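Work through the exercises below with the structure open. Each task is followed by a solution in steps.

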Amino acid sequence: MPSNCCGRSSRGTDASVDAHWHRVAASGDVQGKEPVACQAAGIALALVRLGEEVFAVEDRCPHMAYPLTQGVARDGRLICTWHHWEFDLPDQQRFLQPHCRCTIYPVRENDGAVYVQVDPENLPPPPGGFPRPDLTKSND
Ligand code: FES
């Protein structure tokens, strides 16, 4: 089982065989300042690379649920572009307001791919307490 936590990347292990790990992107697609949108087990995520590490952040700002995929990564932080809250991704906290936390899932990179661990039976509380949309249901 994986031993990483809180979005820390690890290399050199076969993430594809572990439970609840989902291949969500090619490593080369997660670059630059703009988050990359993806989904794992019905959870919308924003992938952000800070240096060598990739973080998988739930795509809802804990302030007013604005999509963090619309944000920008700068100086080690993910910035929500609606009201400019800044999140230090390694510790999930809002800069200068630590009780406000975004939701981050464990990440691994392996063989040029990004994997995110999402266990739909054991999800963390939704960011800001806002209900999560059910992305597993169709809109038909
Ligand atoms: S919704 Fe993100 S800062 Fe307000």
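**Exercise 1: a three-stranded sheet**

In this predicted model, three strands make up an open antiparallel sheet in the order β1-β12-β11. Work out which strands stand at the edges and how β11 is joined to β12.

Solution.
- Step 1. Take the edges. β1 (21–26) and β11 (107–110) each have a single partner strand, so one side of each is left without a neighbour in the sheet.
- Step 2. Add the twist. On average, neighbouring strands of this sheet are turned by 30° against each other, with direction ignored.
- Step 3. Look at the pair β11 and β12. Strand β12 covers residues 113–117 and pairs with β11 over four bridges, in the antiparallel sense. One of the bridge partners is V114 in β12, which faces E109.
- Step 4. Follow the chain between them. β11 and β12 form a hairpin with two residues in between, and D111 in the turn has a positive phi of about 50°.

**Exercise 2: a four-stranded sheet**

Determine the strand order of the open sheet that contains β3, and find its edge strands.

Solution.
- Step 1. Recall the general rule: strands of a sheet pair through backbone hydrogen bonds, either parallel or antiparallel.
- Step 2. Read the order. Four strands run β2-β3-β4-β10, and the pairing is antiparallel.
- Step 3. Identify the edges. β2 (36–40) and β10 (104–105) each pair on one side only.
- Step 4. Check one pair. β2 and β3 are joined by five bridges in the antiparallel sense, and A37 stands opposite A46 in β3.

**Exercise 3: the setting of L45**

Decide whether L45 is buried or exposed, and list its contacts beyond four places in sequence.

Solution.
- Step 1. Place the residue. L45 lies in strand β3, residues 43–50.
- Step 2. Count neighbours. L45 has 29 C-beta neighbours inside 10 Å; the cut-off for a buried residue is 20 or more, so L45 counts as buried.
- Step 3. List the contacts. Leaving out residues up to four places away in sequence, L45 touches V24, C38, Q39, A40, A56, V57, E58, D59, Y105 and V116.
- Step 4. Add one distance. P35 is 10 residues from L45 along the chain, and their C-alpha atoms are separated by 9.1 Å.

Methods. Residues are numbered from 1 along each chain as its sequence is written. This is a predicted model: local features need pLDDT of at least 70, side-chain atom pairs count only at pLDDT 80 or more; totals for chains, interfaces and linings use all residues. A residue is buried if 20 or more other C-beta atoms lie within 10 Å of its own, exposed if 12 or fewer, and partly exposed in between; C-beta atoms are placed from the backbone. Two residues are in contact if their C-beta atoms, placed from the backbone, lie within 7 Å. Two strands pair if DSSP finds at least two bridges between them. Axes are lines fitted to C-alpha atoms, for helices over the stretch in contact, and angles run from 0 to 180 degrees between N-to-C directions.
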